[in-house]
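Here are some exercises to work through with the model open beside you. Try each task before reading its solution.

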Amino acid sequence: MAENQFTEVSPEFWQKRWEERKIGFHRSHVDSLLEKHLDKLVDGRQNIKVFFPLCGKTLDMKCLWEHGHTVVGVEAARPALEEFFEEHSIKYTASDLPDGLGSLLTSEDGRIKLYCCDLFKFNSDLEGSMNAVWDRGSLVAINREDRQRYVKLITSLLAPDCRYLVETLEFDETKFPGPPFCVSEQQFYDLFGEKFNIMKLDRKDSLEEKHRSWGLDSLYENLYLTTLKN
């Protein structure tokens, strides 16, 4: 499959998916690999700031919030963010961001801040540096040609002590154009190896019937812990 045969995604693409309720990527439970390796992300720290790129309405945010941490998410589809607060009965306020960037939904206690905007327009001026990043459905939802740009953005948001936990998908990409997109182990190391220490924490056979309907006969989730090199 040539690179130009992969599905092209954009903020508008994801907004449409939410409008049409084509959100099979959303899970009604906390991610099992996050639960298993949460201690690697938190590393014994209290009230850290955890970044969720392309967050949707993931229950993983509620999990970290309930552990006493501050959650910062970015998502292009506002219904996803509103549903997150409403489905968990968390009171929030909404405000506009400057320069037409988008909007910000903030929990009453100030520990959940969800930005409705283009991920690539988000920057450290808005929220400072992050102590942790949980990336379950973000890297795998980025166009292949935007991956270097994505790594540059994520790197710019990280505090020196940041622990960046990334879940990728590995499958035969000649059989399915995405999204989600395959990120092989070699591709991951090529993207992050220059500036990050990388530890592969887990590999899970995650093939489901829906993946077979995509034409796949195997699909694995890989979990990596990355930290900035000194």
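**Exercise 1. A loop residue and its partners**

Task: Find where D217 lies and decide whether D217 is buried or exposed.

Solution. Start with the secondary structure: D217 sits in the loop between α8 (209-213) and β9. Keep in mind that this is a predicted model. Next, look at the accessibility. The relative value for D217 is 52%, and exposed means over 50%, so D217 counts as exposed.

Now add the contacts. Setting aside residues up to four places away in sequence, D217 touches K175 and L207. For a sense of distance, take R163: D217 and R163 are 54 residues apart in sequence, and their C-alpha atoms are 33 Å apart in space.

**Exercise 2. Following the contact to L207**

Task: Which residues does L207 touch, not counting those up to four places away in sequence?

Solution. First place the residue: L207 belongs to the loop between β8 and α8. Then list its partners, which are R212, L216, D217, S218 and L219. D217 is thus met again from the other side of the contact.

Take L219 from that list and check the backbone. L207 and L219 are twelve residues apart along the chain, yet their C-alpha atoms are separated by 4.9 Å. Finish with accessibility: L207 has a relative accessible area of 23% and is partly exposed.

**Exercise 3. The chain as a whole**

Task: How many helices and strands does the protein chain have, and how does its radius of gyration relate to the globule rule?

Solution. Counting the elements gives eight helices and nine strands. The radius of gyration is 17 Å, close to the 17 Å that the globule rule gives for 230 residues, so the chain is as compact as a globular protein of that length. Along its principal axes, the C-alpha trace spans about 45 × 45 × 35 Å.

Continue with burial and contacts. Buried residues account for 50% of the 230 residues. Among contacts with a separation of 6 or more, 68% are made by residues 24 or more positions apart.

End at the surface. The accessible surface is about 10900 Å², and carbon and sulfur atoms hold 46% of that area. The chain carries 30 positive and 40 negative side chains, with the centres of the two sets 2 Å apart.

**Exercise 4. The nonpolar cores**

Task: In the largest nonpolar core, which residues touch the most other members, and which element gives the most residues?

Solution. Begin with the general expectation: in soluble globular proteins, nonpolar side chains tend to be buried together. Here the largest core has 37 residues, and those touching the most other members are F51, Y115, F122, L139, Y164, F188 and F192.

Next, trace the core to its elements. Two or more residues come from each of β2 (70-75), β6 (130-135), α6 (147-156), β7, α7 and β8 (196-205). The top contributor is β7, with five residues.

Now zoom in on L139. Beyond its neighbours within four places in sequence, L139 is in contact with R147, Y150, V166, T168, V183, F188, L191 and F192. A second, separate core has 29 residues, including L38, M61, L81 and I90.

**Exercise 5. One helix and its cover**

Task: Which residues of α6 are buried, and what covers them?

Solution. Go along the helix and pick out the buried positions: R147, Y150, V151, L153, I154 and T155. Then look at what surrounds these residues. Their cover includes β1 (49-53), β6, β7, α7, β8 and β9 (220-228).

**Exercise 6. Backbone exceptions**

Task: Where are the cis peptide bonds around P179, and what is phi for S89 and D99?

Solution. Recall the usual pattern first: most residues other than glycine have a negative phi, and most peptide bonds are trans. Against that, the bond from G178 to P179 is cis, with omega near -10 degrees. The bond joining P179 and P180 is cis as well, with omega about 0 degrees. P179 is in the loop between β7 (158-170) and α7 (185-192), and P180 is in the loop between β7 and α7 too.

For phi, turn to S89, in the loop between α4 (78-87) and β3 (92-96). Its phi is positive, about 55 degrees, and at 67% relative accessibility S89 is exposed. D99, in the loop between β3 and β4 (103-107), has a positive phi near 60 degrees. With a relative accessible area of 82%, D99 is exposed.

Terms used: Residues numbered from 1 in each chain as written. Predicted model: local features only at pLDDT ≥ 70, side-chain atom pairs only at ≥ 80, totals over all residues. Heavy atoms only, no water. Helix = DSSP H or I, 4+ residues; strand = E, 2+ residues; numbered from the N terminus. Rg over C-alpha atoms; globule rule 2.2 N^0.38 Å. Buried < 20%, exposed > 50% of the residue type's maximum accessible area, 1.4 Å probe, protein only. Contact = heavy atoms within 4.5 Å. Areas by Shrake-Rupley, 256 points an atom, 1.4 Å probe, with all protein chains shown as cover. Lys, Arg positive; Asp, Glu negative; His and termini not counted. Charge placed at Lys NZ, Arg CZ, Asp CG, Glu CD. Core = buried A, V, L, I, M, F, W, Y, C linked by side-chain atoms within 4.5 Å.
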